[in-house]
Amino acid sequence: MQHLPNDSFDVTLDQFGQIETVYGDPGFPAAEDVWGGNDTVTATVTQLNTRLTIFGDDHTTLLGHSQGGNDTLFADIGGGWNTALVVGDAQSMIDDAKGGNDTIVADAHGTVYTTVSAFGDVADDMSGNAQGGHDDITGSVGWRGGANLFAGDAGGAMIDTSHGGNDTLDVSVLTIDGGATVSGDAIGALRGLAQGGNDSLTITLDGDSPISGATLSGDSSTSLMDLTQGGDDVLTVKIDGQNADAISQMYGDAPTMAGNSHGGNDVLNGGAGRDFMYGDARIYEPASPGSITGGMDTLNGGAGDDQLWGGGNSDLFVFNTGSGNDTINDFDQGNKAVGSTAAEHDLIDVHAYGFADWTALSSLISDNAGGDAVIRLSANDAITLDGVHAANLHPTDFII
């Protein structure tokens, strides 16, 4: 195997309209057995209307058994009206190529009207039996940024038998008007037999802004299709600020699941704002009744008034003290969304509230005017179970 050297590059964009592209391994050979160097790229942007692009290896396709290096890429972006793209390895990967274990920092927190994208392995698609590296991505976006995209593996799709790495993404949207889309594996769809990695996604939002928000997806920001398998992911939303007006959408797997796809066993942790949480997906398009399988997910909305959907399979809903007024929209009904008649057994964990037993808890459960069961946990906290009557609840539905 040919090993490329370990290089270091420093670049500064200090002229209006400046365009710079930096490669950790420029001229990466179009061979089937090349290992990229462990490169370090540091880029600083101080001017307006610039365009920065960084590839940890090269703007090429990794093929055969080639492997990207373990690169460290820093982009410190100031000014405004800028565009930055940071990619851990290459444009795309095919065959049995592998991405390196990269560290990416893309910081644009002090900018205005700036678009930032950071992808752990490739800017476009992963296909064949390509495998993503185990990447660590830290990002931040500024005021009125564009389509800020962050993905652990691919900026495009993952197809065939490609496999995502086990990635860690930590993104901040600490602005009164901004947003980000964060995916554990791909921005595009997972298709064929692709598999998502076991990823950890964290987003921090400015709680003082009702128009600051984010969308987190454990595997794809678009969809899981065909026979794809979602990873076992952890999604977390944090709130910074005195209020809790920010809004997040969280999908354990993807906004849409189609065909015969399978969801992972995901953990979703909401913040103090308004969270819309889906253990698997929001839209289901099964190839046949019941062909989509949901994961066994854990949803904890945190504080704030949250909307929760566990999805198919048996899920766990956790409520800590101060959980607010939340709604579970598919308690024991998630399989219906995929046309399955299989029984499920969702659980509601209210252990943190210290109820002595089922008798103490059941005395606080009654139907509202719409016929939905309402569990009044405290003077300020309640759980509404959409489509479920209080009389149909039992001790086995709860962890007390």
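Trainee: Where is L48 found?
Mentor: L48 sits in the loop between β5 (40-45) and β6 (51-55). Strands here are DSSP runs of E, at least two residues long, numbered from the N terminus. This is a predicted model, where local features need pLDDT of at least 70, side-chain atom pairs count only at pLDDT 80 or more, and totals for chains, interfaces and linings use all residues. Residues are numbered from 1 along each chain as its sequence is written, and side-chain values use heavy atoms, with hydrogens and water left out.

Trainee: Why does L48 count as partly exposed?
Mentor: Because its relative accessibility is 33%. Buried means under 20% relative accessible area, exposed over 50%, and partly exposed in between, using a 1.4 Å probe and protein chains only.

Trainee: Which residues form the nonpolar patch with L48?
Mentor: F16, W81 and Y113 join L48 in that surface patch, with about 430 Å² of accessible area together. Patch residues have over 30% relative accessible area and no salt bridge (a side-chain nitrogen of Lys or Arg within 4 Å of a carboxyl oxygen of Asp or Glu). Nonpolar side chains (Val, Leu, Ile, Met, Phe, Trp, Tyr) are joined within 5 Å, like charges within 9 Å. The areas come from the Shrake-Rupley method with a 1.4 Å probe, and for residues only the protein chains shown count as cover.

Trainee: And what about the phi of W81?
Mentor: W81 has a positive phi of about 55 degrees, though it is not a glycine. Most residues other than glycine have a negative phi. W81 lies in the loop between β8 (72-77) and β9 (83-87). D160 also has a positive phi, about 60 degrees, without being a glycine.

Trainee: New topic: how is the protein divided?
Mentor: Into domain 1 (1-187) and domain 2 (232-245 + 263-399), with bounds from an automatic or database domain assignment. Their centres, taken over C-alpha atoms, are 36 Å apart.

Trainee: Which residues touch the most other members of the largest nonpolar core?
Mentor: F150, I203, I348 and L385, out of 58 residues. This core draws at least three residues from each of domain 1 and domain 2. A nonpolar core is a set of buried Ala, Val, Leu, Ile, Met, Phe, Trp, Tyr and Cys residues joined through side-chain atoms within 4.5 Å.

Trainee: What does I348 touch?
Mentor: Not counting residues up to four places away in sequence, its contacts (heavy atoms within 4.5 Å) include F317, F331, L385 and F398.

Terms used. Helix = DSSP H or I, 4+ residues; strand = E, 2+ residues; numbered from the N terminus.
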